[in-house]
Amino acid sequence: MSRVREALPEMLLLSDANHAYDLPEAVRIGHLLDELGYGWFEEPLSPEHPELYRQLQEKLRLPLAAGERRRHPHQLPTFAPTPAGLETGMGTNVVDSHLPE
């Protein structure tokens, strides 16, 4: 990751982890990406555990992106920001960028 940043110092870099990490690993990698100036950390954790995204978000400054596996409207509130007054169980802003397919 650092070699990519060195080769492309002015380019916006985004990291897509494809659910590769557990929480401790995602925290470590997320801090590294933040230090290298990456723009976001996409899908570092399994989408089946949005509560882990909330924990990760609390530990990182780097924006998180997720939602590729959320294909049906009933799945969106798990990751999507919650409008004021609407309770979804997870609350609001589990990720910073929602990327449904």
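These are my notebook entries on one predicted model, taken feature by feature.

**Entry 1: the overall plan**

I started with the secondary structure. I found 3 helices and 4 strands in the protein chain. Walking along the sequence, I read the order as α-β-α-β-α-β-β.

Then I looked up burial and surface. The protein chain has 101 residues, and 37% of them count as buried. I get about 6000 Å² exposed for the chain, with carbon and sulfur atoms supplying 53% of that area. I also checked how far contacts reach along the sequence: taking those between residues at least 6 apart, 61% join residues at least 24 apart.

**Entry 2: the nonpolar core**

Which residues touch the most other members of the largest nonpolar core? My list reads Leu33, Phe41, Leu45, Leu56 and Leu64, out of 17 residues in that core. Two or more residues come from each of helix H2 (23–35), helix H3 (50–59) and strand E3 (64–66). H2 gives the largest share, at 5 residues.

I picked Leu45 for a closer look. Setting aside neighbours within four places in sequence, I see Leu45 in contact with His19, Tyr21, Asp22, Leu23, Ala26, Leu52, Tyr53 and Leu56. Leu56, one of those partners, is also on my list of core members that touch the most others.

**Entry 3: Ser15 and its surroundings**

Ser15 sits in strand E1. Is Ser15 buried or exposed? It counts as buried, because its relative accessibility is 14% and the cut-off for burial is under 20%. Beyond the neighbours within four places in sequence, Ser15 contacts Leu33, Tyr38, Trp40, Phe41 and Glu42. I was pleased to meet Leu33 and Phe41 again, as both are named among the core residues that touch the most other members.

**Entry 4: the aromatic pair**

I counted 1 aromatic pair. Tyr21 and Phe41 make this pair, with 6.1 Å from centre to centre and 50° between the planes, and the arrangement is tilted. Where do the two partners sit? Tyr21 is in the loop between strand E1 (14–16) and H2, while Phe41 is in strand E2 (residues 40–42). They are 20 residues apart, so I note this as a link between distant parts of the chain.

The partners differ in exposure. Tyr21 counts as partly exposed because its relative accessibility is 25%. Phe41 comes out at 0% and therefore counts as buried.

**Entry 5: the salt bridge**

How many salt bridges does the structure hold? I found 1. Arg61 pairs with Asp34, and their closest N and O atoms are 2.7 Å apart. Arg61 belongs to the loop between H3 and E3 and Asp34 to helix H2, with their positions 27 residues apart in sequence, and the pair links distant parts of the chain. As a reminder to myself, side chains of opposite charge can pair when their charged atoms come close.

On exposure, Arg61 counts as exposed because its relative accessibility is 72%. Asp34 has 21% and so counts as partly exposed.

**Entry 6: two positive phi values**

Next I went through the backbone. Most residues other than glycine have a negative phi. Asn18 has a positive phi of about 50° although it is not a glycine. I place Asn18 in the loop between E1 and H2, and with a relative accessible area of 53% this residue is exposed.

Glu43 is another non-glycine residue with a positive phi, near 45°. Glu43 lies in the loop between E2 and H3. Why does Glu43 count as buried? Its relative accessible area is 1%.

**Entry 7: the surface**

I looked for a nonpolar patch on the outside. Val4, Leu8 and Met11 make one of about 240 Å². Val4 belongs to helix H1 (residues 2–7). Val4 counts as partly exposed because its relative accessibility is 38%.

I closed with Pro24, which is found in helix H2. Pro24 is exposed, with a relative accessible area of 60%. I also checked its separation from Leu56: the two are 32 residues apart in sequence, and their C-alpha atoms are 8.8 Å apart in space.

Technical notes. Residues are numbered from 1 along each chain as its sequence is written. This is a predicted model: local features need pLDDT of at least 70, side-chain atom pairs count only at pLDDT 80 or more; totals for chains, interfaces and linings use all residues. Side-chain values use heavy atoms; hydrogens and water are left out. A nonpolar core is a set of buried Ala, Val, Leu, Ile, Met, Phe, Trp, Tyr and Cys residues joined through side-chain atoms within 4.5 Å. Buried means under 20% relative accessible area, exposed over 50%, partly exposed in between (1.4 Å probe, protein chains only). Contact means heavy atoms within 4.5 Å. Patches are made of residues with over 30% relative accessible area and no salt bridge: like charges are joined within 9 Å, nonpolar side chains (Val, Leu, Ile, Met, Phe, Trp, Tyr) within 5 Å. Accessible areas come from the Shrake-Rupley method with a 1.4 Å probe; for residues, only the protein chains shown count as cover. A salt bridge is a side-chain nitrogen of Lys or Arg within 4 Å of a carboxyl oxygen of Asp or Glu. Rings of Phe, Tyr and Trp (its six-membered ring) pair if their centres lie within 6.5 Å; planes under 30 degrees apart count as stacked, over 60 as edge-to-face and the rest as tilted.
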